[in-house]
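Here is a friendly walk through one protein model, helix by helix and loop by loop. Have the structure open and follow along as you read.

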Amino acid sequence: MSIRWDALLVRETARELERELSGAELRAFRLDGAERDLFLLFRDRTLIWRLHPSRGHLVVRDPTPPGPNDLKHAARVRRVVSPPDERLIRIELLPKRSGPPRDLIVELLGNQWNAIVVEAASRTVRHVLWSRDTGRGHRVGATWEPPDAQPRAGVDGELGRDAWLALLETHAPAARARALVRSVAWTSPLNAPALLGRDLEDLPERECLVRGHERWLAWVRDDTSDGPVLLHTDGGQPYPVPVPGITSHRVATLLDGFEAAATDRDRGGAEAPSLVDPELVRRLEHASERASRRVAQLTRELDGLGDEGALRATGDLILARYGDVARGKEEAVLVDFEGAEVRVELDPELEPHENAARYYDRATRVERAHERLPALIEKAAREADALDDLLGRARTGEATPEELVAAVPSSPGPPSGGGEEQSTLPYRTFTSSGGLEIRVGRGARHNDDLTFRHSSPGDVWLHARHTAGAHVILRWNGPGNPPSRDLAEAATLAALHSKARTSGSVPVDWTFRKYVRKPRGAARGAVVPDRVSTLFVRPDPAVERALAPD
């Protein structure tokens with residue numbers, strides 16, 4: 001089971017993070033939308049919040065340097081707060097240099113957990129772990145709105161015993177837990193049975209409710225010295241206080257409790273979080289697949305070579321039956337040295353001795369291939385096994401970033417083809433499903449060249465919104481807009497070749513190239529597009545592989 005977040009756990013987690021992180025120096029974010037993992041790369045530690053519905057815990061790991069695809073943001077933590085009786089935590093960040101303050105908001109409502117980076121003043125969303133349509137601004141560029149408050153009595157801890165009893169005694173015993181959670185602050189399905197005194201079987205019903213009210217007051221007012229615990233639920237559940245009726249053991253901090261719960265889940269088969277940049281893992285997956293395909297290709301080549309002895313024998317037969325081989329024929333039926341008829345394929349443009357020489361040449365090539373291919377297959381198999389082993393260790397968090405950087409190419413995605421002319425172009429070329437050419441810029445210093453020198457006014461220009469990335473040109477000579485499928489594929493390439501490539505969903509702006517202008521004095525790659533539309537796409541590397549040239 002995943003961690004169950006309620007208002008009480010959120011409040012105490014925020015307090016603990018405030019003590020741990022206040023003044024800490026943040027270097028970068030990492031938002032892995034595929035795994036729903038949030039990484040906060042501090043100078044002295046790495047905080048990982050696993051926000052997939054099947055997980056929910058946060059763990060601390062050793063510091064790791066930001067990778068090339070991480071979102072650099074040099075800032076210090078001002079404070080960590082949680083609104084009363086709400087399931088969200090706000091980490092306030094003050095930039096170390098210029099730029100507006102930003103807030104990292106972690107939403108822990110239901111099983112729709114998310115992380116959003118917003119500008120503190122305007123609440124404009126700059127990054128989001130996974131985009132979704134909620135009406136509250138879970139998309140880049142939108143204005144984030146907090147969830148609607150659910151007014152419950154006793155937020156400030158001021159709910160008297162008489163009001164408590166009046167609320168509960170108006171409901172049948174079976175309905176009291178639901179009424180409590182719906183009406184009283186800081187309660188949840190996790191702690192409601194203890195707040196109703198259901199573990200006090202020997203006491204009268206009213207006395208159980210009174211004892212439950214006393215527990216509630218102590219928890220809400222933090223008037224207890226019990227300290228955090230790990231509840232012995234399925235997989236372990238960190239909680240700020242012991243919950244009567246659920247066995248538990250003490251832990252020094254809630255973070256220790258999350259670590260213990262995460263360890264238990266890992267033993268049960270869950271994958272431990274890896275500190276490696278997920279983009280490096282995806283490039284390693286591509287390299288591993290390519291290596292496996294090479295082994296299969298070389299093996300097929302070896303299996304299809306044929307017999308060099310039979311080829312030489314055919315050449316010998318042509319020379320021995322020279323007079324029976326007519327020029328200009330595609331085949332000849334010759335009697336071999338044992339008296340059997342043999343059908344021999346010929347090149348009609350060649351003389352008989354030249355056809356024999358062709359068979360001898362083929363035999364020599366086959367012989368050399370038989371000598372060469374087994375070693376190549378063995379080497380390729382070793383490389384494929386090594387990549388597969390490294391990939392397995394990367395997925396379990398055992399591989400280091402340095403190992404992956406050394407094992408995979410530095411550029412994301414497959415190469416676009418050879419040739420000196422191709423390497424001088426400022427873009428890589430892909431072909432959409434509909435046969436349209438897509439040009440992807442090779443980097444910031446080539447974006448302007450692609451946009452203003454290697455495109456036409458009627459082409460479509462695309463770029464991932466609010467993040468660094470390649471300019472993309474979809475060649476189009478109109479009329480109207482290009483087909484939606486081709487446009488979506490071009491947008492996917494723009495997302496894959498941007499800093500947002502690890503997000504679950506990426507907004508990509510597009511317009512016709514004639515509406516893109518370059519302000520005087522603007523930095524390389526900085527342009528101003530007009531009449532912009534936006535597509536939301538999933539940055540799927542399989543799309544890039546499918547559209548890449550053979």
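## What covers helix H2

Helix H3 (176-183), helix H4 (192-195) and helix H5 (205-220) are among the elements that cover the buried residues of H2. Keep in mind as you look that this is a predicted model. Helix H2 itself spans residues 161-169, and its buried residues are Trp-164, Leu-165 and Leu-168. These residues sit on the same side of H2, because the arc they cover around the axis is only 95°.

## H2 against H5

Let us take one of those covering helices and look at how it meets H2. The axes of H2 and H5 come within 10 Å and cross at roughly 125°. H2 is therefore oblique to H5, and the crossing is right-handed.

Which residues of H2 and H5 make the contact? On the H2 side they are Arg-161, Trp-164, Leu-165, Leu-168 and Glu-169. H5 contributes Arg-206, Leu-209, Val-210, Gly-212, His-213 and Trp-216. Sorted by class, the contact of H2 with H5 has six nonpolar, two polar and three charged residues. Trp-164, Leu-165 and Leu-168, the buried residues of H2, appear among the residues that H2 brings to this contact.

## Two valines around H3

Val-181 lies in helix H3. Its relative accessibility is 22%, so Val-181 counts as partly exposed; the cut-off for buried is under 20%. Leaving out residues up to four places away in sequence, Val-181 touches Arg-152, Thr-187, Ser-188, Pro-189 and Ala-192. For a sense of scale, Val-181 and Thr-299 are 118 residues apart in sequence, and their C-alpha atoms are 65 Å apart in space.

Is Val-184 buried or exposed? With a relative accessibility of 1%, Val-184 counts as buried. Val-184 is found in the loop between H3 and H4. Apart from its neighbours within four places in sequence, Val-184 is in contact with Arg-152, Ala-153, Leu-159, Trp-164, Leu-167 and Trp-216. Two of these names should be familiar: Trp-164 of H2 and Trp-216 of H5 also take part in the contact between those helices. Arg-152 is touched by Val-181 and is in contact with Val-184 as well. Farther afield, Val-184 and Pro-63 are 121 residues apart in sequence and 41 Å apart in space, C-alpha to C-alpha.

## H9 and its partners H7 and H8

Now move along the chain to helix H9 (residues 352-395), which packs with helix H7 (residues 278-303) at an angle of about 155°, their axes 9 Å apart. H7 and H9 are therefore roughly antiparallel to each other, and their crossing is left-handed. The contact of H7 with H9 has 17 nonpolar, four polar and six charged residues. Gln-297 is a residue of H7, and at 47% relative accessibility Gln-297 counts as partly exposed. Gln-297 and Arg-365 are 68 residues apart in sequence and 18 Å apart in space, C-alpha to C-alpha.

How do the axes of helix H8 (residues 308-320) and H9 cross, and within what distance do they come? They come within 8 Å and cross at roughly 165°, which means that H8 is roughly antiparallel to H9. This crossing is left-handed. On the H8 side, the contact includes Glu-308, Leu-311, Arg-312 and Thr-314. Among the H9 residues they meet are Tyr-359, Tyr-360, Arg-362 and His-370. By class, the contact of H8 with H9 divides into nine nonpolar, six polar and five charged residues.

## Positive phi in two loops

Most residues other than glycine have a negative phi. With that in mind, have a look at Asp-222, where phi is near 55°, a positive value in a residue other than glycine. Asp-222 lies in the loop between H5 and strand S10 (229-231). Its relative accessibility is 43%, so Asp-222 counts as partly exposed.

Arg-531 also has a phi near 55°, a positive value in a residue other than glycine. You will find Arg-531 in the loop between strand S21 (528-529) and strand S22 (533-537). Arg-531 is exposed, because its relative accessible area is 65% and the cut-off for exposed is over 50%.

Definitions and conventions. Residues are numbered from 1 along each chain as its sequence is written. This is a predicted model: local features need pLDDT of at least 70, side-chain atom pairs count only at pLDDT 80 or more; totals for chains, interfaces and linings use all residues. Side-chain values use heavy atoms; hydrogens and water are left out. Buried means under 20% relative accessible area, exposed over 50%, partly exposed in between (1.4 Å probe, protein chains only). Helices (H or I, at least four residues) and strands (E, at least two) are DSSP runs, numbered from the N terminus. The arc is that of the directions from the helix axis to the C-beta atoms. Contact means heavy atoms within 4.5 Å. Axes are lines fitted to C-alpha atoms, for helices over the stretch in contact, and angles run from 0 to 180 degrees between N-to-C directions. Angles under 35 degrees count as roughly parallel, over 145 as roughly antiparallel, 65 to 115 as roughly perpendicular and the rest as oblique. A crossing is left-handed if the near helix is turned anticlockwise from the far one by less than a right angle, and right-handed if clockwise. Ala, Val, Leu, Ile, Met, Phe, Trp, Tyr, Cys and Pro count as nonpolar, Asp, Glu, Lys and Arg as charged, and the others, Gly among them, as polar.
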